[in-house]
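Subject: Structure handover and notes

Dear colleague,

Here is the structure for your files. My notes on it follow below.

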Amino acid sequence: MTAPQRRRNEASRPTPRLTKAERKRQLLAHAKRLFVELGYRDTTTEKIAAVAGVTEPVLYRHFDSKKALFLEVLQEVREATLGRWEAETAEVPDPLAKLHAVMDRYLGATREHALEFRIMHRTLVESDDEEIVALLRSFYLDSEALLAQIIAEGQQSGVFRRSLDPRVGAWELIRTALGYTLTLPLGVPLYDEADYLPRAIECLLLCLLKTDV
């Protein structure tokens, strides 16, 4: 059989049907990209179905609406992000090392998981739907709780300043990390320096440390 014949035979073979779970993951992946490129308002189920190569009825077998799909995207990002942080700190006893690990994971993940973070950031600016806002709020409040707990542990062990409100410290870390992730697409030369992230994390954590540490 010649090479052109083999290619024609391969092209004529039916594409294997995706399982329900595989189709759902495929739809979520295409939806993520459209939500980043077009925003929530301008992304439609018709557009999602088109880029996924399915009909809208197929999409509706997996998601009741665009909003339901979007909420699942946000929930997936929320659970994955918090799960990574908890995994990074589970076996780390020292609060300072624990906070280093979380911030390194948070800032480093903005490149590795850029698409997910851009969805969250764009949604923060654009969405006024209370259910969507509530899900975003819960993510950041969970982040506050995790960071504040680590800071409180550090205060108890004498590493961090006792005068600091752990919640304030947590939100300053969150806001700084948000600023970094929002400006990352600008291609700031400093961000590309090999040791930028360790230096940035050191700068962030210095404000928490006791002056004699």
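How many salt bridges does the count come to? The model is a predicted one, and the count comes to 12 salt bridges. I describe a few of them here and then turn to the nonpolar core.

Salt bridges around Lys67

Lys67, Asp129 and Glu131 are linked in a network of salt bridges. In the pair formed by Lys67 and Asp129, the closest N and O atoms are 3.2 Å apart. Lys67 lies in helix 5 (residues 66-89), while Asp129 lies in the loop between helix 7 (114-126) and helix 8 (130-156), so this salt bridge ties together parts that are 62 residues apart in sequence.

Glu131 also meets Lys67 in a salt bridge, at 2.9 Å from N to O. Because Glu131 lies in helix 8 and Lys67 in helix 5, this pair ties together parts that are 64 residues apart in sequence.

Are the members of this network buried, partly exposed or exposed? Lys67 is partly exposed, with a relative accessible area of 23%. Asp129 counts as partly exposed at 24% relative accessibility, and Glu131 counts as partly exposed at 45%.

The pair Glu153 and Lys98

A further salt bridge joins Glu153 to Lys98, with 3.4 Å between the closest N and O atoms. Glu153 is in helix 8 and Lys98 is in helix 6 (residues 95-112), so the pair links distant parts of the chain, 55 residues apart. The two partners fall into separate accessibility classes: Glu153 is partly exposed, with a relative accessible area of 27%, whereas Lys98 is buried, with a relative accessible area of 13%. Lys98 is classed as buried because its value is under the 20% cut-off.

The nonpolar core

Which residues touch the most other members of the largest nonpolar core? Of its 60 residues, these are Phe35, Leu69, Leu74, Leu99, Leu147, Leu173 and Leu208. Helix 8 supplies the largest share of this core, with 10 residues.

Leu173 can serve as an example from that list. Leaving aside residues up to four places away in sequence, Leu173 touches Leu99, Met103, Leu147, Ile151, Leu204, Leu205 and Leu208. Among these contacts, Leu99, Leu147 and Leu208 are also named with Leu173 as residues that touch the most other core members.

Helix 8 therefore comes up in each part of these notes: it holds Glu131 of the network, it holds Glu153 of the pair with Lys98, and it gives the largest share of the core.

Regards

How values were computed: Residues numbered from 1 in each chain as written. Predicted model: local features only at pLDDT ≥ 70, side-chain atom pairs only at ≥ 80, totals over all residues. Heavy atoms only, no water. Salt bridge = Lys/Arg side-chain N within 4 Å of Asp/Glu carboxyl O. Helix = DSSP H or I, 4+ residues; strand = E, 2+ residues; numbered from the N terminus. Buried < 20%, exposed > 50% of the residue type's maximum accessible area, 1.4 Å probe, protein only. Core = buried A, V, L, I, M, F, W, Y, C linked by side-chain atoms within 4.5 Å. Contact = heavy atoms within 4.5 Å.
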